[in-house]
Amino acid sequence: MAISIRNVTKKFGDFTAVDDLNLEIKSGEFFSMLGPSGSGKTTVLRMIAGFDLPTNGEIYLYEENVTTKAPFDRDVNTVFQDYALFPHLNVIENVEYGLKVRKISKTERRIRAMAALKKVHLSEFSERKPAQLSGGQRQRVALARAIVVEPKILLLDEPLGALDLKLREKMQIELKELQRELGITFIFVTHDQDEALTLSDRIAIFNNGKIEQIGTPRELYEKPATEFVARFVGTANVFEGAAAKELFGTTAKVMIRPEQIQLSNKGIEAKVLETIYLGSTLRFLLDLNGHQLIAEVSASDDQAQTYRRGATVKVNMSKTDLVELS
Amino acid sequence: MRINRTATISLGIISSFVLAIVYLPLFIVLINSFNKSMNMDWPPPGFTITWWEKAFGSGGLIAALSTSIVIALCASAIALILGTLLAIALSRYKFFGKESVGLMVILPIALPGIVTGLALNNAFRTVLGMQLSMATVIVAHATFCIVTVYNNVLARLSRTNKNLEDASADLGAGVFTTFRLVTLPQIGSALIAGGLLAFALSFDEIIVTTFTAGSGVETLPIWIMNNMFRPGKAPVVDVVAVTTVIISVVPLYFANRLTREEK
């Protein structure tokens, strides 16, 4: 195991940021911690890096107990949300920093730093100051600075949060390629579910200082364990109590994804409350016997295109698509 | 904000008047230091550099000047070290009594000099049983010099990214390496500005000095006080006054420029 977090609790005064958490991350994984802000994911990351100490519990990196070790004694490096580049140093000096404090010779330092800059496609800006770079370029410097010291684990704290959508998508692909190339463990904190689904081998969903579920992107989307996960990863129609009984004849809490609901000539009648065009798909907000329902069909579906607000459609849901939630 | 013409003119006149009141007497001191008349007759009957020669030829004055400089340098050095440490502690760490400590550090600048002087005099002599000396003056000056360093460094630290220090530690640097390679370059010009202000503050201090200096210690302001009303000494005092102004103003000017360049 690259990382093993055992019964870790972190309290800030009366506030419990992380609550008796257990987590194991395998070597070489692209692992994401996904959750709303304040759910404890960044605190876990900061405890792995060593910036915050757990109130209780232990943290192991490659079977070594590092719980109370200082950040500079841990073989992990961090890419900060605001990049935290040293403003008084230029790009190459920023990248060399970790090598310099390890007393590596000037020539070797330069060679390794240039190689790291090349990996992030930023060789030509080595003499610039951070203030003269764009957000995306700063991001790359931060990455190069962290990987040049060859950590076994790279921690990324919402590194793409400050970039615009197009650049973010580009950087997502580059991050994934970088991780494959380096073969090291990436731990990625984000509140963006699309980003987590795109990048990760496995994802932990955080809520109120606890992990709701850990799984591959597919597992989380198709088999969410709780309503929170179902709603946080994608869009979900959740039914319980009388509604579940009436529609599906079950006493359990169940969920169905919008794209698994078919609009056709057979099934239960529902009224179209709203239609939303999303480019590749059409989303319908439906009223089915007083229960609201979201359905999504391909935008190229000729029949679906004719359903307008106020129209009556027939809804077909297969019981095999239902997911039981705890 | 738009101001009409009448207001602009009257504000201009008032401002000029106020500035004149502040600076004309200083200017007169400058001219008088070259006044040929020993009694400072006005307008000066002629000009001479006798007083300047006399002033810098007198052993007492040179001794007082060097005493003042040594005291100011030592007090500034103490203030730089303690003020920086305080600013880092108060801006980067949480601890019990943090707000009170912050207030207590800046209080000495607001305390009347005579109170500080009396209190320190009492503490040094009666409580600690110390002889008043140059060292006691240095310690006394350091109490209010710390404030300028502390304020400058604190202001700078609050504008620098705390993550920089985390990033440095993350990349393998220990506490002292981080201070040397990351924190110090960030606060460098604030340190110089704070240090220069501290120097200027100590250099022309007289009240606290009077209470904490031993009989053998004569700083420049005290030398001026002692000589001002002696017959025939007035022109020499003018020379010293001009020198004092120059030595105090130059650091202030640079401190001001340094803090402005940051913006």
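In this predicted model, four strands of chain A form an open sheet in the order β2-β1-β4-β5, with antiparallel pairing. The edges of the sheet are occupied by β2 (15-25) and β5 (64-65) of chain A; each has a single partner strand, so one side of each is left without a neighbour in the sheet. Within the sheet, strand β1 (residues 3-12) of chain A is joined by 5 bridges to strand β4 (residues 56-61) of chain A, and the two run antiparallel. One position at which to inspect this pairing is A:Arg6, which stands opposite A:Glu58 in β4(A).

A second open sheet in chain A has 3 strands, in the order β11-β12-β18, again with antiparallel pairing. Here β11 (237-239) and β18 (323-325) of chain A stand at the edges, and because each has a single partner strand, one side of each lacks a neighbour in the sheet. From one strand to the next, the twist averages 30°. Strand β12 (residues 253-256) of chain A is linked to β18(A) by 3 bridges, and these strands run antiparallel. A:Met255 stands opposite A:Val323 in β18(A). Helix α9 (residues 241-248) of chain A lies across β11 and β12 of chain A and runs at about 100° to β11(A).

These sheets belong to a chain with 9 helices and 18 strands. Chain A has 326 residues, of which 39% count as buried, and its C-alpha trace spans about 75 × 45 × 30 Å along its principal axes. Among contacts in chain A between residues at least 6 apart in sequence, 61% join residues at least 24 apart.

Helix α5 (residues 165-182) of chain A merits closer attention. Its 18 residues, at 1.5 Å a residue, should span 26 Å, and the end C-alpha atoms are 25 Å apart, which agrees with that expectation. Within α5(A), the residues A:Met171, A:Leu175 and A:Gln179 are buried. These three cover an arc of only 75° around the axis, and therefore lie on the same side of α5(A). The other side of α5(A) carries exposed residues, namely A:Lys166, A:Ile173, A:Glu177, A:Arg180 and A:Glu181. The cover over the buried residues of α5(A) includes β3 (30-34), α4 (135-147), β8 (185-190) and α6 (193-199) of chain A. Just after the helix, A:Gly183 adopts a positive phi of about 70°.

The description now turns to the contact between the chains. In chain A, 18 residues are in contact with 15 residues of chain B. On the side of chain A that touches chain B, β6 (76-79) and α2 (91-100) of chain A each supply at least two residues. By class, this side of chain A has 11 nonpolar, 4 polar and 3 charged residues.

Within chain B, one residue illustrates how distant parts of the sequence come together. B:Val137 lies in helix α6 (residues 134-159) of chain B. With 29 other C-beta atoms within 10 Å, B:Val137 is buried. Leaving aside its neighbours within four places in sequence, B:Val137 is in contact with B:Ile71, B:Thr209, B:Thr212, B:Ala213 and B:Val217. B:Thr209 is 72 residues from B:Val137 along the chain, yet the C-alpha atoms of the two are separated by 5.9 Å.

Terms used
Residues numbered from 1 in each chain as written. Chains lettered and ligands numbered in written order. Predicted model: local features only at pLDDT ≥ 70, side-chain atom pairs only at ≥ 80, totals over all residues. Contact = placed C-beta atoms within 7 Å. Nonpolar A, V, L, I, M, F, W, Y, C, P; charged D, E, K, R; others polar. Expected span 1.5 Å × (residues − 1). Buried ≥ 20, exposed ≤ 12 C-beta atoms within 10 Å, placed from the backbone. Arc of directions from axis to C-beta. Pairing = 2+ DSSP bridges. Axes fitted to C-alpha atoms, helices over the stretch in contact; angles between N-to-C directions.
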